[in-house]
Amino acid sequence: MIELKYLGLGMIFAVSSGVGFSASYAVRKGISQLHELQNALELIRCEISSARTPFHELCEIVARAKPGAVGALFQSMSNQLSDGKSSYEAANRAMEQAGGLHLSAPMRCAAVDLLSSFGRYDLEGQLKLIDGMQRRIEGELAEANEQKLARCRSYEILGVCTGLAMGILVL
């Protein structure tokens, strides 16, 4: 009977620690995805300013260039546009389907706004929107990098301590 108690204690500790480390991973992954999104926007900027690539094809190019959640977002956007959806509908649906994307709610809204704007503005206006989004990403990256170490360490310690506390309560 005591062995089962220790097994339960170990499982509680493992799960609690796992939740803490998972939250820490989400913070790190979010920062990485912000960098990927920033690079994707730079690729978009270059393509529309030099080659004037249509947005549907541009989504395909970005999806191939950026594997991972950001690439999946653009692939989904391309698929939605292929199905005849408007850029607004396509952007909303693509963001809903981007389950692995660890972006804050305001950044998700800003990305949807940017993606849904393609085709509605001239080249100059579109480049200004991309610049605005890149500045927004830079601001969020600066804030996230400033808080990353403390947040990650807090999540990890909180997970471990919660596991220990629950273990003490079980014993």
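A cavity is a set of grid points where a 1.4 Å probe fits but cannot get out, and its lining residues have an atom within 4 Å of a point. Keep that in mind for the first view; the model in every view is a predicted one.

**View 1. The largest cavity, walled in by eight nonpolar residues.** Here's a closed space with a volume of about 40 Å³. The structure holds one cavity of 30 Å³ or more. Its walls come from Leu37, Leu41, Leu73, Phe74, Ala111, Leu114, Leu115 and Met133. Sort that lining by class and you get no polar and no charged residues. Three helices, α1 (2-51), α3 (69-82) and α5 (105-117), each chip in at least two lining residues. The top contributor is α5, which gives three residues to the lining.

**View 2. The largest pocket, with lining residues from α1 and α6.** Now for an open space: about 290 Å³ of it lies in this pocket. It is lined by 13 residues, and the ones closest to the centre are Leu34, Ser104, Glu140, Ala144 and Arg151. As for helices, α1 (2-51) supplies at least two of the lining residues, and so does α6, the helix that spans 123-170. The lining is a mix by class: six nonpolar residues, four polar and three charged.

**View 3. The second largest pocket, from Ile48 round to Gln126.** This pocket has a volume of about 170 Å³. Part of the lining is made up of Ile48, Arg52, Thr53, Pro54 and Phe55. The rest of the lining is Phe118, Gly119, Tyr121, Asp122, Leu123 and Gln126. Split by class, these residues come out as six nonpolar, three polar and two charged.

**View 4. A nonpolar patch on the surface, made by Ile2, Tyr6 and Leu171.** The last view moves to the outside of the model. Together, Ile2, Tyr6 and Leu171 make a nonpolar surface patch of about 340 Å². Look for Leu171 in the segment after α6 (123-170). Is Leu171 buried or exposed? Leu171 counts as exposed because its relative accessible area is 54%, and the cut-off for exposed is over 50%.

Technical notes
Residues numbered from 1 in each chain as written. Predicted model: local features only at pLDDT ≥ 70, side-chain atom pairs only at ≥ 80, totals over all residues. Heavy atoms only, no water. Patch = residues over 30% accessible without salt bridge, like charges linked within 9 Å, V, L, I, M, F, W, Y side chains within 5 Å. Areas by Shrake-Rupley, 256 points an atom, 1.4 Å probe, with all protein chains shown as cover. Salt bridge = Lys/Arg side-chain N within 4 Å of Asp/Glu carboxyl O. Helix = DSSP H or I, 4+ residues; strand = E, 2+ residues; numbered from the N terminus. Buried < 20%, exposed > 50% of the residue type's maximum accessible area, 1.4 Å probe, protein only. 1 Å grid on protein atoms, 1.4 Å probe; cavity = no way out; pocket = protein on both sides within 12 Å on 5 of 7 lines; lining within 4 Å. Points joined across faces, edges and corners; volume = space filled by probe spheres on them. Nonpolar A, V, L, I, M, F, W, Y, C, P; charged D, E, K, R; others polar.
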